[in-house]
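Trainee: Before we look at the details, could we go through the terms one by one, setting each value against its definition?
Mentor: Yes, let us begin with the picture itself.

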2 protein chains.
Amino acid sequence: MVQTPQPSPKPQNISVRRVFYHMPLCPFSRSLRLGFLEKRLSFTLQEERINHFSDEFFQLSPEGTFPVWVDGAFVVKSTNAIIEYIEESYPQTNFMGKTPQERAEVRRLIYWFHDKFFHEVTHHVLHEKVLKRSRSGGAPDSKKIKEAQTALRDHLDYISWLFAQRNWLGGAHLTWADFVAAGQLSVIDYLGDVPWRKHEKAKLWYARIKSRPSFRPLLLETFVGITPSHHYRMLDF
Amino acid sequence: MVQTPQPSPKPQNISVRRVFYHMPLCPFSRSLRLGFLEKRLSFTLQEERINHFSDEFFQLSPEGTFPVWVDGAFVVKSTNAIIEYIEESYPQTNFMGKTPQERAEVRRLIYWFHDKFFHEVTHHVLHEKVLKRSRSGGAPDSKKIKEAQTALRDHLDYISWLFAQRNWLGGAHLTWADFVAAGQLSVIDYLGDVPWRKHEKAKLWYARIKSRPSFRPLLLETFVGITPSHHYRMLDF
């Protein structure tokens, strides 16, 4: 599937200084970046390193809540709080749903991917393949990787099932459910662990969101010491 | 500290049939029940058993999202989606905060306890002490319990730190931050694992929320086969 890149979103409200403290392979940071760009918010990216947070970051988040969004004089911390804040503060484009029913379903999926998908899949893959290496913590635990792969297949089936009935994961429109699922999957895909061929519907959904301009910065980013998978940047994968 | 029980909240809107599908020692179910009673919502409790969900439950939640709140004809699934739905639908008493800043802090703490506290403390304690027993899965892993105890002490320090500066955990008013923290802690306290004596400020906060009428149903409940700790029901502990 080849899609023509759409024109870049035009940033709005450039008078307010916004800074997003993120980590490149953090799935939560990635979900938020997709949402910020889809909302057409301008912001500065400030990269943080796991276990080596900057003094500036610690002043904003002494207890260590991550990630952090600074909006003018106001500091918002933790992914879900940032999502709700962004929706409340910049309502011109709605990515949460218009009715209570729509919002309940989008939020259910946000927490499905933030909690269930992350703890069953992304956490293990990141820990075994990335964090252990950076901390000289030994070889990846193949049992953990295998369990994560099994869980990933179930989640891809679930994404396929959702996308077979809906235009986007959360319903008729693009929502945070898509950004959050894509943020998690993009990390696994960078590491080359997504069996796309066996999950055609999920692949169609991912190709659809991957071709959006908001996704481009994530595709261009390289994580030090880890080469992205062969197909990671391809819109036709 | 002895407190006189306050009169029971008077249920409102009894014409709408509301059912909450819960589990007695589920910390998320407990947080929500506190919130429902503080909101003065009437509802029927429908008990579910882990890994033995009823057919009725599976019809509402085929993918297994838990817990589930049925509000008339509308089904809301997953703790965070239910909290946001309740706040949106029953705004007469606000437990999320009035300004964007207040809400951001309350939500940060909701996810702090739902994600960090649960995965570092409650999950391990429940798994080792309750789930293993009910599944005949062997003796509790003392290493896991010890790690959870260490994390719990850090969390109690954090609660003490918050309560030293604020009237309630999330700020000047009672909010979901309190319900969510209390839901998690009440499970650990039932099992007798909270070192209250070493965390006086956290204990003061817990005594304060424990003495509310909304807490009473949780204190009276007994989990089959597991006796609550000696002090679990005492308001002066």
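**Terms set against values**

Mentor: In strand β2(A), A:Gln46 is the bridge partner of A:Tyr21. Please keep in mind throughout that this is a predicted model.

Trainee: What makes β1 and β2 of chain A paired strands?
Mentor: Strand β1 (residues 18–22) of chain A is joined to β2(A) by 4 bridges, and the two run parallel. Pairing asks for at least two bridges, so the 4 bridges between these strands satisfy the definition.

Trainee: Which strands of chain A are called edge strands, and why?
Mentor: The open sheet of chain A has 4 strands in the order β2-β1-β3-β4, with mixed pairing. Its edge strands are β2 (44–47) and β4 (74–77) of chain A, each of which pairs on one side only. From one strand to the next, the twist averages 20°.

Trainee: How does helix α3 of chain A lie relative to that sheet?
Mentor: Helix α3 (residues 79–89) of chain A lies across β1, β3 (68–71) and β4 of chain A, and runs at about 130° to β4(A).

Trainee: How do you know that the two chains are related as by a two-fold rotation axis?
Mentor: A turn of 180°, with a shift of 0.0 Å along the axis, lays chain A on chain B with an RMSD of 0.0 Å. The two copies are therefore related as by a two-fold rotation axis. The same surface serves both copies, since 100% of the contact residues of chain A recur in chain B.

Trainee: Which residue of chain A comes closest to the rotation axis?
Mentor: That residue is A:Asp115, whose C-alpha is at 3.7 Å from the axis.

Trainee: What is the sense of pairing between β1 and β3 of chain B?
Mentor: Strand β1 (residues 18–22) of chain B and strand β3 (residues 68–71) of chain B pair in the antiparallel sense over 4 bridges, and B:Phe20 stands opposite B:Trp69 in β3(B). These strands belong to an open sheet of 4 strands in the order β2-β1-β3-β4 of chain B, where the pairing is mixed. Across β1, β2 and β3 of chain B lies α1(B), running at about 155° to β1(B).

Trainee: Why is B:Glu38 called buried?
Mentor: Buried means under 20% relative accessible area, and B:Glu38 has a relative accessible area of 10%, so the term applies. The residue is in helix α1 (residues 27–38) of chain B.

Trainee: What makes the pair B:Glu38 and B:Ser214 a polar contact?
Mentor: The side chains of B:Glu38 and B:Ser214 make a polar contact at 2.6 Å, and the definition asks for N or O atoms within 3.5 Å, so the distance criterion is met. Leaving aside neighbours within four places in sequence, B:Glu38 is also in contact with residues including B:Phe95, B:Leu174, B:Phe179 and B:Arg212.

Trainee: How do you know that the length of helix α5 of chain B agrees with what a helix should span?
Mentor: At 1.5 Å a residue, the 24 residues of helix α5 (residues 142–165) of chain B should span 34 Å, and the end C-alpha atoms are 35 Å apart, which agrees. At the start of α5(B), a side-chain oxygen of B:Asp141 reaches to within 3.0 Å of the backbone nitrogen of B:Lys143.

Trainee: What do the buried residues of α5(B) pack against?
Mentor: Among the buried residues of α5(B) are B:Ile145, B:Leu152, B:His155 and B:Phe163. The buried residues of this helix pack against α4 (100–134), α6 (176–190) and α7 (200–210) of chain B.

Technical notes. Residues are numbered from 1 along each chain as its sequence is written. Chains are lettered from A and ligands numbered from 1 in the order in which they are written. This is a predicted model: local features need pLDDT of at least 70, side-chain atom pairs count only at pLDDT 80 or more; totals for chains, interfaces and linings use all residues. Side-chain values use heavy atoms; hydrogens and water are left out. Copies are superposed by least squares on the C-alpha atoms of residues with pLDDT of at least 70 in both. Contact means heavy atoms within 4.5 Å. Buried means under 20% relative accessible area, exposed over 50%, partly exposed in between (1.4 Å probe, protein chains only). A polar contact is a pair of N or O atoms within 3.5 Å; within protein, one must be able to donate a hydrogen and the other to accept it, and residues adjacent in sequence count only if both atoms are side-chain atoms. Axes are lines fitted to C-alpha atoms, for helices over the stretch in contact, and angles run from 0 to 180 degrees between N-to-C directions. The expected span of a helix is 1.5 Å times one less than its number of residues.
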